[in-house]
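Thanks for making the time this morning. I would like to walk you through one chain, going from its overall layout to its metal site, its core and a few individual residues.

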Amino acid sequence: MFKAKLTHANSNVDAVRNRVLIKADNDLLVRFEAKLRGVNCPVHGTSPEIRLSKEKSGYSVELVNDCCLKFTALCAEKLKS
Ligand SMILES: [Zn+2]
């Protein structure tokens, strides 16, 4: 799961930011992660890793390790369900 994240350019910054967000919005994140449980990219085998971004109207979910469009669409579909 963390393999994709470690190759990310700003992995340290992201890790800190993620920790803060998870602490503040744990329930919401857990709910979204539950929706993505068992989802893998059919092409790359990536497991989705998400983070929440604070918006004016609430929160938006960001897929941190979106390896390809197919995977992004798959995760978006699951999150909306
Ligand atoms: Zn992929």
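Before I give the first figure, one term needs fixing: when I say that two residues are in contact, I mean that they have heavy atoms within 4.5 Å of each other. With that in mind, and remembering throughout that what you see is a predicted model, consider the contacts in the chain between residues at least 6 apart in sequence: 43% of them join residues at least 24 apart.

Let me turn to the layout. The chain has four helices and two strands, and if you read along the sequence they come in the order α-α-α-β-β-α. Of its 81 residues, 28% count as buried. The two strands, β1 and β2, pair in the antiparallel sense over six bridges, and the hairpin that joins β1 to β2 runs through two residues. To give you two places where you can check the register on the screen, S53 stands opposite S60 in β2, and K54 has Y59 in β2 as its bridge partner.

Next, the metal site. Which residues coordinate the zinc ion? They are C41, C67 and C68, each through its SG atom, together with H44 through ND1, at 1.9 to 2.4 Å. Along the chain these donors follow the spacing C-x2-H-x22-C-C. H44 sits in the loop between α3 (26-35) and β1 (50-55), while C67 sits in the loop between β2 (58-63) and α4 (69-80), so this pair ties together parts of the chain that are 23 residues apart in sequence. As for the geometry, the four donor atoms subtend angles of 104 to 117° around the zinc ion, and the arrangement is therefore tetrahedral. Two of these residues can also be described by their accessibility: H44 counts as partly exposed because its relative accessibility is 47%, and C67 likewise counts as partly exposed, at 33%.

One of the zinc ligands brings us to the interior. C41 is also listed in the largest nonpolar core, which has 11 residues, the others being L29, F32, L36, V39, I50, L52, L63, F71, C75 and L79. Helix α3, strand β1 and helix α4 each supply at least two residues of this core, and α4 gives the most, with three. As a general remark, nonpolar side chains in soluble globular proteins tend to be buried together. If you would like a single residue to follow within the core, take C75: leaving aside its neighbours within four places in sequence, C75 is in contact with L36, V39, P48 and L63.

There is a residue in the loop between α3 and β1 that I would also point out, namely T46. Is T46 buried or exposed? At 13% relative accessibility, T46 counts as buried, the cut-off for that being under 20%. Setting aside neighbours within four places in sequence, T46 is in contact with V39, N40, C41, N65, C67 and F71, and two of the residues just named, C41 and C67, are zinc ligands.

Now to charged side chains. How many salt bridges does a search of the whole structure find? It finds one, and in it the side chains of R51 and E62 meet at 3.1 Å, N to O. R51 belongs to strand β1 and E62 to strand β2, so that the pair, 11 residues apart, links distant parts of the chain. The two partners are classed differently by accessibility, because R51, at 11%, counts as buried, whereas E62, at 32%, counts as partly exposed.

I will finish with two residues and their distances to other parts of the chain. K54, in strand β1, counts as exposed because its relative accessibility is 66%, and its C-alpha atom is separated by 9.9 Å from that of D25, which is 29 residues away along the chain. A34 lies in helix α3 and, at 39% relative accessibility, counts as partly exposed; the C-alpha atoms of A34 and L79 are separated by 9.3 Å, although the two residues are 45 apart along the chain.

Definitions and conventions: Residues numbered from 1 in each chain as written. Predicted model: local features only at pLDDT ≥ 70, side-chain atom pairs only at ≥ 80, totals over all residues. Heavy atoms only, no water. Donors = N, O, S within 2.8 Å, 3.2 Å for Na, K, Ca; no water. Tetrahedral: all angles 85-135°; square planar, octahedral: opposite > 155°, others 65-115°. Buried < 20%, exposed > 50% of the residue type's maximum accessible area, 1.4 Å probe, protein only. Core = buried A, V, L, I, M, F, W, Y, C linked by side-chain atoms within 4.5 Å. Salt bridge = Lys/Arg side-chain N within 4 Å of Asp/Glu carboxyl O. Pairing = 2+ DSSP bridges.
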